[in-house]
Amino acid sequence: MKRTTATAAHVLDRFLPGVEQARTYERRWLRADVLSAITVGAMLIPQGLAYAQIVGVRPVAGLYAGVFAMLAYALFGPSRHLMLGPEAGAAILTATALGPVVAGGGPERLASLAALLALMVGVVSFLCGLCRAGALADFLSRPILIGYVNGAALIIIGSQLARMLGLERRSNEFAGQLHEVAANVGRTHVPTLVLGLGIVAALVAMRRFLPRWPAPLVMVVLTTLVTWAFQLEHGGVKVVGPIAAAAPTFGLPSLRFDDVRTLLPAAFSLALVNYASSVLAGRIYADRFGYRLDTHQEFFGQAAANLLTGLTQGFPVTGSDSRTAVNASMKGRTQLVSVVAAGVVLLFSLFLTPLLSKLPLVTLGAIVIVAAVYLLEVKPILRLWRVRPVEAVLAVVTMLGVLFLGILHGILIAVALSLVDLIRRAAHPHDAVLGEREGMPGWHDVEGHADAETIPGLVVYRFDAPLFFANARFLREQVHRLVADSRHPVRWFVLDASSVFDLDITAAESLEKVRHDLTDEGLVFAVAQARAPMRRTLKRSGLAARIGEDRLFPTVGAAVRAYLESRDDARTAWSGESVSSPQVH
């Protein structure tokens, strides 16, 4: 019975991470989680309204999209810090995808299509989870992670610059936002700018000197009261304004085959963008706070959030970089933040919308900007440049791609460049000629150890990579070069295959050419310490027989001993012939 209970608990923890978080929750986390939840909820309300307007649906749909996305992810999502809900990137992609399909239809048609797209994104994410497609995250290396974080942080900052200056933001692209601000800087609303800079300074100061205080929440309450008391909106400071609320509705949207077929490419794109951006952000905070992020489970978290949002007449949702950053900065520890924040937004949506009508929009802009600034990672790029410049370049390319081409294209370009770099390194891997060191067992790289000595007539060559089509020619050229450049005539050439964990048919054919060329020159070709996969390919291709079983050695030492014995035998035979030849005459 105990074993059955333990198994059931393990299954729940595996597929419902929220259950595991609830079961292991510590009371000392409650204060930070609740304060973070209130702040995240306060941020989500105006953001949800704004992103709903981008999509073109009723404003309150943005609030409920946030509520149900957070509740679903709290149960199925693997990240303890990621905040799901409406986000600018997903809203922009949704609006772009729905535009041609709506074709002049009314608000109800648009709302139905938005909900249908959310359902399709959820289904695609669910299927990716079943296929264990979380391995995609393995292609998101540390340089890509750093580049993405910096790109996302700059996108967040760019999206709030117009708000800080009291201007209208029309562009949804980073470059367009910068151009808008530069072109209209002369129209800056000075009181808004002064208020925004003051809020930024206060947030930074509180973060520095009062780190335990919920600074964003304090600013939301304080600036709302100041605006109400001094009627700042009459002086031109923009506020959230009145919000018309209504209860959420549940049900399936209209399912038409033509709509599904038309929206399918957008659903795949959104699912991939959602996953890539969310898993990158999730890994940042998992590494920072010391827990493991299940990248396969992330697909199920995204699926649950989008399916539930689609069933409540919402639109596609994903992880929010800005709200996640604020959550982390306020020391939120678990997905209880999402649950409480969802409750805050739900209560507000149903009963308290008038309270936020006096909140200055610049307050939200300042909170988001400060959170984004602390996301920026410049030192890691400099560290990459000192250690390995090519990876620093990859980080910068990722950042620029995310900024100017969008999250999906930026990440895909970075992954492609990573693969190109991987193939480049695999095509020209590290290799070494090995020699002996006095008093040191084993065989060592002669370039790395000045006192390592080779044995005349013998070349022991180590190849530090799998042998495949991209580096087969490189191996063959290196073998011929080493034989030609040797100070002593080469009799044996021994390939140390201890690092060759795989061998494809192209490389096997190239290895056969090496053996054939060396044999024609009167040299012995031998292989030492071949791994099991390589031995199988050698045997199945017939190359093992052509090399000779007596020339396949278990260790480099065994190959060297065999060479020395053959050399001694040759010397003995040569000496015998020299002594006996006069007797012949």
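**Note on the predicted model: a mixed sheet, its helices and the cores**

1. In strand 5, the side chains L458, V460 and R462 point one way while V459, Y461 and F463 point the other way, and all of these residues are buried. The structure discussed here is a predicted model, and strand 5 is a convenient place to begin reading it. Since six of the six residues of strand 5 are buried, this strand is largely enclosed by the rest of the structure.

2. The partners of strand 5 may be taken in turn. With strand 3, strand 5 pairs in the antiparallel sense, and four bridges hold this pairing; within it, L434 has V460 of strand 5 as its bridge partner. With strand 6, strand 5 runs parallel, and the two are joined by five bridges, with V459 standing opposite F493 of strand 6. Between these two parallel strands the chain passes through helix 19, and the resulting β-α-β crossover from strand 5 to strand 6 is right-handed.

3. Seen as a whole, the sheet is open and consists of six strands in the order 4-3-5-6-7-8, with mixed pairing. Its edges are formed by strand 4 (440-445) and strand 8 (552-553), each of which pairs on one side only.

4. Which residues of strand 6 lie on each of its covered faces? On one side are W492, V494 and D496, on the other are F493 and L495, and all of them are buried. Five of the five residues of strand 6 are thus buried, so this strand is largely enclosed by the rest of the structure.

5. Beyond strand 6 the sheet continues with strand 7, and these two strands pair in the parallel sense over five bridges. F493 has F525 as its bridge partner in strand 7, while it stands opposite V459 in the pairing of strand 5 with strand 6. Strand 6 and strand 7, together with helix 20, make up a β-α-β unit that is right-handed. Strand 7 (residues 524-528) is in turn joined to strand 8 by two bridges, the two strands running parallel, and in this pairing A528 stands opposite F553 of strand 8.

6. The two helices named above can also be placed against the sheet. Helix 19 (residues 472-485) lies across strand 3 (431-437), strand 5 (458-463) and strand 6 (492-496), and its direction makes an angle of about 155 degrees with strand 5. Helix 20 (residues 505-520) lies across strand 6 and strand 7, and runs at about 140 degrees to strand 7.

7. Where does S486 sit in the chain? S486 belongs to the loop between helix 19 and strand 6, and, with a relative accessibility of 28%, it counts as partly exposed. S486 and I411 are separated by 75 residues in sequence, and their C-alpha atoms are 47 Å apart in space.

8. The domain assignment divides the protein chain into domain 1 (9-420) and domain 2 (431-568). The C-alpha centres of domain 1 and domain 2 are 55 Å apart, a separation that a reader new to this structure may wish to keep in view when comparing the parts of the chain described here.

9. Turning to the nonpolar cores, the largest of them has 62 residues, among which I45, Y148 and L203 touch the most other members. For L203, once neighbours within four places in sequence are left aside, the contacts are A215, P216, M219, A366, I367 and V370. Another core, of 36 residues, lies apart from the largest one, and its members include V55, Y73, A97 and L98.

10. Is T39 buried or exposed? T39, which is found in helix 3 (residues 30-55), has a relative accessible area of 1% and is therefore buried, the cut-off for this class being under 20% relative accessible area. Not counting residues up to four places away in sequence, T39 touches P216, L217, V326 and M330. P216 is also among the residues in contact with L203.

Notes. Residues numbered from 1 in each chain as written. Predicted model: local features only at pLDDT ≥ 70, side-chain atom pairs only at ≥ 80, totals over all residues. Heavy atoms only, no water. Pairing = 2+ DSSP bridges. Contact = heavy atoms within 4.5 Å. Axes fitted to C-alpha atoms, helices over the stretch in contact; angles between N-to-C directions. Domains from an automatic or database assignment. Buried < 20%, exposed > 50% of the residue type's maximum accessible area, 1.4 Å probe, protein only. Right-handed = clockwise from strand over helix to strand, strands pointing away. Core = buried A, V, L, I, M, F, W, Y, C linked by side-chain atoms within 4.5 Å.
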